[in-house]
Amino acid sequence: SNITVFEDTTSGLFAVQKVADLLNKFDIPVSLQKIGITDDPAKRAALLTQDASVYTDINQALEIMDLF
């Protein structure tokens, strides 16, 4: 299964990563796509350290991902 998370904090991304890791540990295969949403340069840098793709706003992220 694929999980896509949209988040504006590193703690939120970290929590979802832990859940994905736990599911995989119990042989429930998931892949996680992390999407950071912020226009703040410091938060952008922090989200990038969590391997997130970062966009200025949710609409931009959805448009680029062609989800909606």
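Biologist: In which sense do β2 and β3 pair, and over how many bridges?

Modeller: Strands of a sheet pair through backbone hydrogen bonds, and this can happen in either a parallel or an antiparallel way. In this predicted model, one place to look is glycine 36, which stands opposite valine 54 in β3. For β2 and β3 the pairing is in the parallel sense, and it runs over 3 bridges.

Biologist: Which strands are the edge strands of the sheet?

Modeller: The sheet is open and has 3 strands, in the order β1-β2-β3, with parallel pairing. An edge strand here is one that pairs on one side only, and this holds for β1 (2-7) and β3 (53-55).

Biologist: Which strands does α1 touch, and about what angle does its direction make with that of β2?

Modeller: Read along the sequence, the protein chain follows the pattern β-α-β-α-β-α, with 3 helices and 3 strands in the chain. The helix α1 packs on the sheet, where it touches β1 and β2, and its direction makes with that of β2 an angle of about 175 degrees.

Biologist: Does isoleucine 28 count as buried, partly exposed or exposed, and why?

Modeller: Isoleucine 28 is placed in the loop between α1 (10-25) and β2 (31-37), and together with Leu22 and Phe26 it makes a nonpolar surface patch of about 310 Å². A residue is called buried under 20% relative accessible area and exposed over 50%. Because isoleucine 28 has 42% relative accessibility, it counts as partly exposed.

Biologist: What percentage of the 68 residues in the protein chain is buried?

Modeller: The protein chain exposes about 4,600 Å², of which carbon and sulfur atoms supply 54%. Of its 68 residues, the buried ones make up 26%.

Definitions and conventions: Residues numbered from 1 in each chain as written. Predicted model: local features only at pLDDT ≥ 70, side-chain atom pairs only at ≥ 80, totals over all residues. Heavy atoms only, no water. Patch = residues over 30% accessible without salt bridge, like charges linked within 9 Å, V, L, I, M, F, W, Y side chains within 5 Å. Areas by Shrake-Rupley, 256 points an atom, 1.4 Å probe, with all protein chains shown as cover. Salt bridge = Lys/Arg side-chain N within 4 Å of Asp/Glu carboxyl O. Helix = DSSP H or I, 4+ residues; strand = E, 2+ residues; numbered from the N terminus. Buried < 20%, exposed > 50% of the residue type's maximum accessible area, 1.4 Å probe, protein only. Pairing = 2+ DSSP bridges. Contact = heavy atoms within 4.5 Å. Axes fitted to C-alpha atoms, helices over the stretch in contact; angles between N-to-C directions.
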